[in-house]
Protein chains: 2
Amino acid sequence: MPSLLPNWNDGAGRTAILRFVARVNEAGSPDFLPPEERIATFDNDGTLWCEQPLQVQFFFGRDQLKKLADADPSLKLRQPYKAFLEHDIAIIKQEGKQGFFEVAAATHAGMTNDEFHLQACAWLAGAKNPLVNRRFIDLVYRPQLELMEFLQKNDFRIFIVSGGGVDLIRAFSEEVYAVPRSQVVGSSVKTRMETRDGKVDLLKLPELQSFDDREAKVQNIALHIGRRPVLAFGNSDGDLAMLQYALSGDGPRLGLLLHHDDAEREFAYDREFAVSPLAEALDRRDDLGITLISMKNDWRSIFPDEGSTFP
Amino acid sequence: MPSLLPNWNDGAGRTAILRFVARVNEAGSPDFLPPEERIATFDNDGTLWCEQPLQVQFFFGRDQLKKLADADPSLKLRQPYKAFLEHDIAIIKQEGKQGFFEVAAATHAGMTNDEFHLQACAWLAGAKNPLVNRRFIDLVYRPQLELMEFLQKNDFRIFIVSGGGVDLIRAFSEEVYAVPRSQVVGSSVKTRMETRDGKVDLLKLPELQSFDDREAKVQNIALHIGRRPVLAFGNSDGDLAMLQYALSGDGPRLGLLLHHDDAEREFAYDREFAVSPLAEALDRRDDLGITLISMKNDWRSIFPDEGSTFP
Ligand SMILES: [Ca+2]
Ligand SMILES: [Ca+2]
């Protein structure tokens with residue numbers, strides 16, 4: 001195996017990445033980028049970890065809801081809670097990704113940020129994907145871990161920019177991705193400051209502050225990062241605005257789109273995944289200069305445990 | 001001069017800082033902090049640079065407004081624009097800091113983020129404090145530059161958390177403070193994504209998104225940083241919530257409050273500075289465990305040019 005990006009097969013994708021990094025490193029070249037300009041943004045669900053059969057946020061929200069329903073059984077009869085508790089995928093998909101982010105947010109209300117963090121850490125330590133007997137945090141993509149490490153070694157600053165709840169991702173981003181919590185941008189709820197026994201805390205409110213998808217990804221990148229990324233990596237139409245934003249700056253740019261075309265080792269899906277479809281970005285990729293990454297052809301392995309695949 | 005913090009006089013303030021850093025560095029001690037926990041937040045106006053006779057944001061807004069008034073002279077007759085153009089401090093102070101942040105925001109509307117950044121850089125390169133023939137960016141406090149550098153050398157990650165506009169601070173934070181743009185949190189306006197000639201940009205709107213003062217500083221720290229700071233440094237009641245938030249976590253904590261008590265070398269003001277008073281924090285500092293830093297006694301010099309002071 002080659003020493004750089006060993007889990008990326010030789011091909012157009014790997015070559016585009018290596019050439020891009022070589023270009024920005026070339027001292028004296030007009031394409032050279034000083035470290036502060038080396039901003040890379042990665043979507044999370046389906047780009048860095050597995051989002052099938054549904055995004056991890058759904059399972060977290062459902063498990064939180066189960067605890068609430070034990071205390072208040074009437075929730076089992078009311079939508080959308082009923083659908084979540086019964087795992088009624090048809091109704092859940094109707095609600096879309098924002099729908100289940102909102103259900104999750106409702107279940108977090110009244111918790112402080114610190115309490116939420118502890119609960120999220122405890123849940124992630126054990127929660128498993130229902131299709132395979134493995135934890136969600138073990139179903140991250142090995143080639144992406146390699147890519148992020150490679151970029152960081154080349155002075156890139158990696159940001160995760162996700163439609164998922166920012167504080168759920170922050171509960172594992174440092175340990176699993178080596179990305180500091182302050183470099184995670186995501187959906188968020190409003191909070192209220194409270195002082196209890198002289199201790200200042202933030203209470204989560206059941207009100208959406210930002211659903212970090214599509215145009216909002218661009219707005220939140222500007223708000224949190226303050227600089228146009230030079231590299232962006234996504235896997236759905238929710239990432240198209242972010243990819244266009246990165247690609248429409250001056251100088252060297254790289255926009256990458258992961259295509260789940262590997263039914264053998266993971267899943268094959270795009271247009272029909274209603275919660276987070278890949279359609280427009282797939283159709284416009286050539287015009288926009290986006291490099292398509294085929295999971296099947298470009299990745300030597302999928303998950304960190306050698307040989308482990310779905311189902 | 002000592003090699004550590006040479007522009008800090010020997011005294012309780014300098015000692016508190018050195019002891020705090022020694023504690024968090026002591027391997028094996030319960031106070032040891034891993035690097036990811038070493039989050040320090042600094043207010044900007046009056047904490048890192050001079051805010052007299054008014055915050056720099058005011059002068060930037062006024063100069064932007066002058067350009068607009070040249071195109072639309074009717075602005076010269078309407079409040080609050082009239083007060084800004086005529087530098088009518090009494091009326092401006094009535095409006096408070098949020099008031100002139102809003103005027104500034106109004107003058108930025110219709111600009112893209114990229115255009116704003118270029119204008120802010122150009123303005124900062126030349127704009128001078130009206131009381132002394134020096135540029136605003138040269139009126140940063142040398143002891144604070146030393147402190148931030150010292151903390152960074154000890155693996156702290158510095159964030160600026162300011163009531164000022166986030167994008168104005170980002171136009172000089174890297175060069176002047178060695179703080180990356182992504183580590184600047186501040187007031188912000190809403191934006192709208194636009195595609196012109198295939199290029200994606202964000203247009204600033206004349207609508208406040210967040211006025212980053214008081215409780216909002218705590219909320220924005222949680223949103224942007226995702227972790228409770230262990231060190232916070234401010235200079236007014238607008239920083240009290242942030243100081244309390246930092247101090248009410250577990251483990252080693254340091255809350256610092258700069259007192260402008262040096263009429264000889266800079267200014268002496270606190271309760272009477274209506275735009276950003278220091279009153280409640282001064283009264284409650286002992287109860288809250290806040291360390292007061294006296295500009296007069298704790299700082300050997302004020303500005304980077306040796307010997308340069310006000311007036
Ligand atoms: Ca995705
Ligand atoms: Ca201040």
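## Calcium sites, voids and local geometry in a predicted model

A:D45 is buried, with a relative accessible area of 4% (buried is under 20%, exposed over 50%, partly exposed in between, with a 1.4 Å probe and the protein chains only). A:D45 is also one of the protein donors of a calcium ion, ligand 1. This is a predicted model, in which local features need pLDDT of at least 70, side-chain atom pairs count only at pLDDT 80 or more, and totals for chains, interfaces and linings use all residues. Residues are numbered from 1 along each chain as its sequence is written, chains are lettered from A and ligands numbered from 1 in the order in which they are written, and side-chain values use heavy atoms, with hydrogens and water left out.

**Calcium sites**

- Ligand 1, a calcium ion, has the protein donors A:D43 (OD), A:D45 (O) and A:N235 (OD1).
- These donors lie 2.2 to 2.3 Å from the ion.
- Donors are N, O and S atoms within 2.8 Å of the metal, or 3.2 Å for Na, K and Ca; water is not among the atoms, so sites may look incomplete.
- Along the sequence, the donor residues of ligand 1 are spaced D-x1-D-x189-N.
- A:D43 counts as buried, at 3% relative accessibility.
- Ligand 2 is a calcium ion with protein donors B:D43 (OD), B:D45 (O) and B:N235 (OD1), at 2.2 to 2.3 Å.
- The spacing of the donors of ligand 2 is D-x1-D-x189-N.
- Both B:D43 and B:D45 are buried.

**Cavities**

- Rolling a probe the size of a water molecule over the atoms shows where empty space is left.
- The structure holds 6 cavities of 30 Å³ or more.
- A cavity is a set of points, on a 1 Å grid over the protein atoms alone, where a 1.4 Å probe fits but cannot get out.
- A pocket is an open set with protein on both sides within 12 Å along at least five of seven lines, and lining residues have an atom within 4 Å of a point.
- Grid points are joined across faces, edges and corners, and a volume is the space filled by probe spheres set on the points.
- The largest cavity has a volume of about 60 Å³.
- Its lining is B:N44, B:D45, B:W49, B:V56, B:Q57, B:S162, B:G164, B:L168 and B:I169.
- In chain B, α2 (56–71), β2 (157–165) and α7 (166–170) are the elements that give two or more residues to this lining.
- Helices (H or I, at least four residues) and strands (E, at least two) are DSSP runs, numbered from the N terminus.
- The lining of the largest cavity divides into 4 nonpolar, 4 polar and 1 charged residues.
- Ala, Val, Leu, Ile, Met, Phe, Trp, Tyr, Cys and Pro count as nonpolar, Asp, Glu, Lys and Arg as charged, and the others, Gly among them, as polar.
- B:D45 belongs to this lining and is also a donor of ligand 2.

**Second largest pocket**

- The second largest pocket has a volume of about 530 Å³.
- Its lining has 22 residues, and A:D114, A:H117, A:R181, B:R227 and B:R228 lie nearest the centre.
- α5 (113–126) and α7 (166–170) of chain A each supply at least two lining residues.
- α5(A) gives the most, with 5 residues.
- By class, the lining has 7 nonpolar, 5 polar and 10 charged residues.

**A:D201**

- A:D201 is found in strand β4 (residues 199–210) of chain A.
- A:D201 is buried, with a relative accessible area of 15%.
- The side chain of A:D201 makes a polar contact with the side chain of B:R228, at 2.9 Å.
- A polar contact is a pair of N or O atoms within 3.5 Å; within protein, one must be able to donate a hydrogen and the other to accept it, and residues adjacent in sequence count only if both atoms are side-chain atoms.
- Leaving aside neighbours within four places in sequence, A:D201 is in contact with A:T112, A:D114, A:R192, A:M193, A:E194 and B:R228 (contact means heavy atoms within 4.5 Å).

**Backbone details**

- The peptide bond from A:Q52 to A:P53 is cis, with omega near 5 degrees.
- A:P53 is in the loop between β1 (39–42) and α2 (56–71) of chain A.
- B:Q52 and B:P53 are joined by a cis peptide bond, with omega about 5 degrees.
- B:H87 is not a glycine, yet has a positive phi of about 55 degrees.
- B:H87 is partly exposed, with a relative accessible area of 25%.
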